[in-house]
Structure formats: C-alpha cells, structure tokens
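Here are some notes to read beside the structure, arranged as numbered points. They begin with the contact between the chains and then turn to sites within each chain.

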There are 2 protein chains.
Amino acid sequence: MAGTVNEETTGAGRGLAPVVFFLSDSTGITAETLGNTLLTQFPGPRLERRSFPFITTEEQARDVVAVIDSLAAAGPRPIVFSTAVNREIREILSQSSGHFVDLFGSHIGQLEDVLQIPASGEPGKAHGVGDAIRYQSRMTAVEYAIEHDDGQSIRALERAELILIAPSRCGKTPTTMYLALQHGILAANFPLIEEDFAGRALPKPLQPFVRKCFGLTSLPIRLSQIRQERRPDSQYASLAQCTYELRSAEDMYRINQVPYVNSASMSVEEISATILQRMRLHH
Amino acid sequence: MAGTVNEETTGAGRGLAPVVFFLSDSTGITAETLGNTLLTQFPGPRLERRSFPFITTEEQARDVVAVIDSLAAAGPRPIVFSTAVNREIREILSQSSGHFVDLFGSHIGQLEDVLQIPASGEPGKAHGVGDAIRYQSRMTAVEYAIEHDDGQSIRALERAELILIAPSRCGKTPTTMYLALQHGILAANFPLIEEDFAGRALPKPLQPFVRKCFGLTSLPIRLSQIRQERRPDSQYASLAQCTYELRSAEDMYRINQVPYVNSASMSVEEISATILQRMRLHH
C-alpha cells in the first residue's frame with residue numbers, strides 16, 4: 001500500500017502525538033485541505049501526516065486499516081480524516097482503531113435532505129477533469145501566465161482579465177500562477193522598474209488596460225530581505241532602493257486608481273482571494 | 001459587502017434551484033473545496049455559487065446574513081457552507097434563513113476530545129504563510145518550474161526532485177506548476193521530440209537523473225485533438241504522428257524503467273497525486 005509520509009517525527013514524539021491519516025478514494029486533496037485546516041486550530045508539535053489517496057477497492061481499504069491498527073497498538077490512537085464516498089469502503093475505513101473523522105458522511109445526509117435527491121455515491125469527482133470546458137480554461141490560463149510572465153510579452157494583453165503590476169520580488173509570478181491554475185483567470189504580470197517611476201503615469205503598454213490592473217506592494221525591509229537572497233549587497237537589494245520603489249509604486253497606484261494590496265505578510269492564496277474579491281473576477 | 005458570484009443562472013433556474021454560499025473568515029478555499037466536493041454527489045443543473053471570504057467582523061457577518069435572507073424570502077432556501085472559526089461570527093452566520101452546513105464546527109469538538117486541548121478559535125491559518133520555510137520552498141519551486149519549463153534550462157537539473165518527460169502537449173507544464181505551487185516540489189519538465197526516438201535511450205541530459213524521471217503518455221486521438229487546436233492540419237497534429245510519438249515514448253519509459261501514467265482522462269490534480277504517491281515525493 002503506497003502511502004505518502006509527509007513528515008517524520010522523532011521516536012519520542014511518536015510516543016506522545018497521534019499520527020494523522022488522510023484517506024480518500026480520489027486525490028485526497030479535500031481530506032488534506034480540511035484536515036489541515038482543522039489541525040491549525042491546535043497549535044503544538046507538528047504531527048506526522050500520512051496520505052493514502054486512491055483507495056478504490058475493499059482490499060486496499062483493509063490494507064490501510066491494518067497500517068492504522070498497527071500504529072494504534074504501539075502508541076496513541078491515530079486521527080483519521082476521510083473523504084471516502086463509496087459506502088462499503090467508508091464502512092471498512094471507519095472500523096480502524098483510529099479516531100475516524102468522516103468529513104464526507106457527516107454532511108452528505110444533510111444535503112440529501114435539503115436537495116431531496118440521494119447522493120450518487122460515486123467516488124469524488126471534485127478534482128477530476130469534471131467540466132471539460134472549465135478545465136481547459138485553467139490549462140489555457142497556465143500557458144497564458146507563463147507566456148506573459150514578468151512582462152515577457154505584451155502581445156495579447158487585451159485578452160488578459162487581470163494584469164498584476166509591482167516592483168520586482170513582490171509576489172507577482174506565484175500569484176499569477178495560482179490564479180491561472182486554480183481559477184482559470186487569464187492573468188499577465190508586468191514589472192515596474194526604475195524608469196517607470198520618472199512620471200506617475202502607468203507604463204505605456206498598460207495604459208489602455210488600466211481597469212484590468214491590480215498592484216502589489218510590500219514593506220521595504222521585507223522586500224530588501226528577499227532581494228538580498230537573490231543579489232546580496234547590491235543596490236537592487238538596498239533598503240533605500242526598496243523604499244523608493246515601493247513608495248513610487250504606491251503613488252502610481254493611487255494616482256491611476258489602481259487597486260492594490262500590501263503582500264508583505266500574505267500568502268499567494270490570501271493575495272489571490274483578495275484580488276478575486278476586489279476585482280470581482282470569479283469564474 | 002463584496003462577494004464574488006461564480007456562476008449566474010437564468011431567472012427561471014433561480015426560481016427552482018437554491019443558491020450556494022461559501023462563507024469564511026479566511027480565504028474561503030477550504031469551504032469551496034469541501035462544499036464543491038459534496039455538491040458533485042448531486043448531479044443536476046449547475047447551482048449559482050457565491051463566495052464571501054474574509055468575514056472578520058460581526059457587522060460583515062450580519063451583512064452576509066441579510067443577503068442570504070433576502071434570497072430565501074424570494075425563492076428556495078440557499079445552502080450555506082461555512083468554515084468560519086470565530087464563535088461569535090459562526091453564531092451570527094448560523095442564524096440566516098439558509099440551510100447552514102458548518103464544515104468547521106461539526107468536527108472541531110471531536111478533535112478537542114481526541115487531542116484534549118481546546119481549539120484556539122483564531123481565524124483560519126491553513127492558507128496563510130504559516131510555516132515560513134515551507135512557504136518559501138513553494139515560492140522557490142514556482143521559480144524553478146518556470147526556469148526549467150519545457151527543457152528550457154538543463155542547468156541545475158541535479159537540484160530537481162522530479163523531471164517530468166513526455167511528448168509535446170501531454171500535460172507536463174500545468175502538472176509541474178501544480179506540484180511546485182501546492183507541494184513545493186522542485187520539478188523540471190523536458191519534452192521528448194522526434195530525434196529522441198531514434199534509439200530507445202533517454203535524452204543525454206536526463207541520463208544521470210533517470211531515477212528522478214516520470215513519464216506521461218496519452219491516447220493518440222486525444223493528443224491529436226489537442227495538437228489540432230495549436231497547429232491545425234499539421235503533420236505535428238496528425239493521428240499517425242501522435243501514435244508514433246506516444247508508442248515510442250512508452251517504449252522508452254519501459255526500457256529505462258521510468259514510471260509513467262496515461263494522462264488522457266486525468267486532471268492535473270489526479271496526475272499530481274499519482275506522481276506524489278508513486279515517487280514517494282510528499283514534503
């Protein structure tokens with residue numbers, strides 16, 4: 001049974017902290033997402049996590065239960081997050097010696113009542129190709145994002161739904177990739193450089209598309225740290241230069257009424273959710 | 001209150017099908033992920049979905065409740081998926097006229113019992129920067145993936161944890177981006193072209209790294225369709241050429257003992273979960 005171990009704890013740690021399992025008859029993405037969200041509510045030592053996706057036969061389910069049972073016999077009862085959909089497989093998994101947290105079954109009954117139709121019981125389709133047109137739009141968006149990364153191409157900017165602008169190293173590229181891959185947003189990104197700050201106008205190629213622009217800024221000290229890693233002790237990484245570029249960028253955003261956010265302490269997920277909300281860009 | 005409407009239904013549709021809300025005091029990613037997973041169990045007309053992330057004050061919560069209540073007054077009761085963590089906010093949201101599906105509260109009590117510590121009650125940190133080192137590794141991986149996309153750079157291939165190989169248009173690029181962005185895997189990808197198929201050896205630059213290679217293949221008819229979109233009626237897109245390239249690639253994988261998967265009907269999420277499992281690559 002090929003599970004994936006995310007994090008090993010020491011032998012001592014294992015004696016005290018339960019191992020966490022994510023079980024699924026599909027990719028396991030939902031089990032990991034909600035399971036990890038719930039666990040962030042319990043700060044403490046990192047727990048060892050093991051993912052077992054694609055449990056599609058009763059035999060595979062029994063093999064996973066054997067792994068859980070053997071751990072339970074030797075130490076604390078594991079915590080088992082499951083999004084298995086198939087009833088027989090769920091039944092087998094629920095009988096392990098672990099604490100079974102049924103992320104799927106707990107809610108499906110409620111939805112059957114609300115929608116007044118029975119659940120299909122087919123294994124998770126949430127992360128499959130699903131709607132082929134929607135899926136294809138995500139793949140197209142990834143290509144578009146790569147082609148239009150860091151101002152590489154200003155061709156077809158009129159196709160963009162979003163143009164992310166910022167000085168170097170504020171998080172444009174990973175945010176663009178996230179929006180493309182997860183949301184199918186056609187997003188270009190464009191770096192603001194020293195010569196753009198002479199006036200307060202947007203760079204020429206962007207001017208026709210000001211309504212699609214969204215700006216990122218950061219804290220000078222944070223940006224300087226990040227640039228130091230790339231080019232230590234350079235003018236580019238100096239606190240003075242970072243302060244100048246960020247202040248100039250913020251002025252440019254304000255004067256041109258480009259909405260912006262300070263990304264210094266935000267993840268790409270948080271930046272992306274903020275952009276989707278403020279630009280009303282959800283597909 | 002700036003929510004995001006994902007999908008509009010017709011007026012007629014709205015009269016029959018409930019609107020779905022995803023509410024969160026953080027990014028809303030978890031609410032959307034599990035909510036959508038549950039809804040895939042109920043095939044039927046697409047439901048209108050509205051996301052309200054970052055509900056962090058009681059006033060914002062009451063505003064959302066007002067939106068839900070007004071819809072409930074005019075049509076079927078909305079379905080409300082919530083991952084709000086804060087007790088006061090959850091309490092307000094739970095009192096809307098919608099069907100409240102509390103994805104968070106339903107499980108947190110069970111975990112408090114198991115772990116014997118109270119939940120922190122702080123808004124979701126699951127999609128924040130969290131562990132800064134782990135977060136930074138994801139951002140580094142995105143850069144690495146862009147730099148090593150489509151065989152662009154064979155520098156630093158020894159740093160790669162994974163080298164994805166396949167003929168053109170089998171899904172290498174989006175899979176590489178997904179593994180980088182979601183899992184922080186340092187992944188390069190390398191295209192197999194006609195001249196690579198003369199012998200059955202791996203392309204020279206890959207030979208030292210055969211243990212890191214994973215192959216993709218597809219169905220000739222599917223690959224031909226995808227290539228048609230890029231270069232209609234070309235030799236490149238012909239069924240004969242696609243058949244030849246895929247057969248040759250599969251031979252190459254087998255002879256060099258490179259694990260591979262047929263991506264024809266798989267999503268990037270499914271391909272990625274399969275690769276993580278087979279290459280034992282989870283961080």
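Is Glu143(B) buried, partly exposed or exposed? With a relative accessible area of 29%, Glu143(B) falls between the limits of 20% for buried and 50% for exposed, and is therefore partly exposed. Please keep in mind throughout that this is a predicted model.

1. The salt bridge of Glu143(B). The partner of Glu143(B) is Arg230(A), and the closest N and O atoms of the pair are 3.2 Å apart. Because Arg230(A) belongs to helix α8 (residues 220-230) of chain A and Glu143(B) to helix α6 of chain B, this pair joins two chains. Arg230(A), like its partner, counts as partly exposed, in its case at 45% relative accessibility.

2. The extent of the interface. Chain A brings 80 residues to the contact and chain B brings 79 residues, and together the two chains bury an area of about 7,100 Å², of which carbon and sulfur atoms give 65%. On the side of chain B, the residues Gln41(B), Phe42(B) and Gln277(B) supply 11% of the area that this chain buries against chain A, which is more than any other three residues.

3. Polar and charged pairs between the chains. Six salt bridges are found across the interface of chain B and chain A, while a search of the whole structure, over all chains, gives 18. Arg138(B) forms a salt bridge with Glu269(A), where the closest N and O atoms are 2.6 Å apart. The interface also holds 15 residue pairs in polar contact, with both residues at pLDDT 80 or more. Several elements of chain B each supply at least two residues to the side that touches chain A, including α2 (29-39), α6 (132-147) and α10 (268-279), but α5(B) gives the most, with eight residues.

4. A network of charges. Glu143(A), Arg169(B) and Arg230(B) are linked in a network of salt bridges.

5. Helix α9 of chain A. The side chains of Arg254(A) and Asp251(A) meet in a salt bridge, at 3.1 Å from N to O, and since these residues are three residues apart in helix α9 of chain A, they are separated by about one helical turn. Arg254(A) is partly exposed at 48% relative accessibility, as is Asp251(A) with a relative accessible area of 24%. Leu239(A) has its place in this helix, which covers residues 239-255, and is partly exposed at 42%. Together with Leu219(A) and Ile221(A), Leu239(A) makes a nonpolar surface patch of about 270 Å².

6. A buried salt bridge in chain B. Glu48(B) forms a salt bridge with Arg50(B), with the closest N and O atoms 2.8 Å apart. Glu48(B) counts as buried at 2% relative accessibility, and Arg50(B) counts as buried at 14%.

7. Asn189(A) and its surroundings. Asn189(A) is found in strand β7 (residues 187-192) of chain A, where it counts as buried at 1% relative accessibility. Its side chain reaches the backbone nitrogen of Asp150(A) at 2.7 Å. Leaving aside neighbours within four places in sequence, the residues in contact with Asn189(A) include His148(A), Gly151(A), Leu164(A), Lys172(A) and Thr176(A).

8. Gln60(B). This residue lies in helix α3 (residues 58-74) of chain B and counts as partly exposed at 25% relative accessibility. Gln60(B) and Leu93(B) are 33 residues apart along the chain, and their C-alpha atoms are separated by 9.9 Å.

Notes:
Residues are numbered from 1 along each chain as its sequence is written. Chains are lettered from A and ligands numbered from 1 in the order in which they are written. This is a predicted model: local features need pLDDT of at least 70, side-chain atom pairs count only at pLDDT 80 or more; totals for chains, interfaces and linings use all residues. Side-chain values use heavy atoms; hydrogens and water are left out. Patches are made of residues with over 30% relative accessible area and no salt bridge: like charges are joined within 9 Å, nonpolar side chains (Val, Leu, Ile, Met, Phe, Trp, Tyr) within 5 Å. Accessible areas come from the Shrake-Rupley method with a 1.4 Å probe; for residues, only the protein chains shown count as cover. A salt bridge is a side-chain nitrogen of Lys or Arg within 4 Å of a carboxyl oxygen of Asp or Glu. Helices (H or I, at least four residues) and strands (E, at least two) are DSSP runs, numbered from the N terminus. Buried means under 20% relative accessible area, exposed over 50%, partly exposed in between (1.4 Å probe, protein chains only). Contact means heavy atoms within 4.5 Å. Buried area is the accessible area (1.4 Å probe) that two parts lose on being put together, summed over both. A polar contact is a pair of N or O atoms within 3.5 Å; within protein, one must be able to donate a hydrogen and the other to accept it, and residues adjacent in sequence count only if both atoms are side-chain atoms.
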